[in-house]
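Here is a quick tour of a model, written for someone who likes to see the cut-offs next to the claims. Have the viewer open and follow along.

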Amino acid sequence: MSAIFNFQSLLTVILLLICTCAYIRSLAPSILDRNKTGLLGIFWKCARIGERKSPYVVVCCVVMAFSILFIQ
C-alpha cells in the first residue's frame, strides 16, 4: 500500500523529511537557503520546522520508532 493511503506511513515519511532537511541544512545551509519559495521551498520549510520545533520532532520520532518496533 502507498504511504499516501496509510496514515502511519505518511507520518513516518513526513518526520523523515523534516529530520533529513534539518540535517542537510546543518551541514550545508546554502543548499536550502537559496530556495525559500516555490516547490523547493517545501524543503526549506521542513528544515525550519526541524530546527525550531526540535524537541517536539524528537518526541514524535521516538514515539513513531516505538510504534513501528513494538506495535506493528
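## Burial and ground rules

Buried residues account for 21% of the 72 residues in the chain, where buried means under 20% relative accessible area, exposed means over 50%, and partly exposed is what lies in between (1.4 Å probe, protein chains only). The accessible surface comes to about 5500 Å², and 72% of that belongs to carbon and sulfur atoms; the areas come from the Shrake-Rupley method with a 1.4 Å probe, and for residues only the protein chains shown count as cover.

A few ground rules: this is a predicted model, in which local features need pLDDT of at least 70 and side-chain atom pairs count only at pLDDT 80 or more, while totals for chains, interfaces and linings use all residues. Residues are numbered from 1 along each chain as its sequence is written, and side-chain values use heavy atoms, with hydrogens and water left out.

## Overall fold

The chain has four helices and zero strands, so to speak an α-α-α-α pattern when read along the sequence. Helices (H or I, at least four residues) and strands (E, at least two) are DSSP runs, numbered from the N terminus. Along its principal axes, the C-alpha trace spans about 40 × 25 × 15 Å.

Take the contacts between residues at least 6 apart in sequence: 56% of them join residues at least 24 apart. Contact here means heavy atoms within 4.5 Å.

## Helix α3 and its partners

Helix α3 (residues 41–52) has twelve residues and reaches 16 Å from its first C-alpha to its last, close to the 16 Å expected at 1.5 Å a residue. That expected span is 1.5 Å times one less than the number of residues. Gly 41, Trp 44, Cys 46, Ala 47 and Gly 50 are buried in α3, and the buried residues of this helix pack against α1, α2 (29–33) and α4.

Over in helix α1 (residues 7–27) sits Thr 12. Thr 12 counts as buried because its relative accessibility is 18%. Which residues does Thr 12 contact, leaving aside its neighbours within four places in sequence? They are Met 64 and Ile 68.

## Helix α4: annotation and aromatics

An unreviewed UniProt entry annotates residues 54–71 as "transmembrane region"; such annotations may be inferred rather than shown by experiment, and the positions are given in the numbering used here, with feature names shortened. In the model that span is 100% helix and 0% strand, with its end C-alpha atoms 25 Å apart.

There is one aromatic pair by the ring rule. Phe 66 and Phe 70 form that pair, which is tilted, at 5.0 Å centre to centre and 50 degrees between the planes. The rule pairs rings of Phe, Tyr and Trp (its six-membered ring) if their centres lie within 6.5 Å, with planes under 30 degrees apart counted as stacked, over 60 as edge-to-face and the rest as tilted. Both residues lie in helix α4 (residues 54–71), four residues apart, about one turn of the helix. An α-helix has 3.6 residues a turn, so residues three or four places apart point the same way. Phe 66 is partly exposed at 48%, whereas Phe 70 counts as exposed at 60%.

## Cysteines without bridges

How many disulfides does a search of the whole structure find? Zero, with a disulfide taken as a pair of cysteine sulfur atoms within 2.5 Å. For Cys 60, the closest cysteine sulfur is in Cys 61, 7.1 Å away, so it is too far for a bond. Cys 61 is in no disulfide either, and its nearest cysteine sulfur, that of Cys 19, is 3.5 Å away. Cys 60 is partly exposed at 39% relative accessibility, and Cys 61 is partly exposed at 26%.
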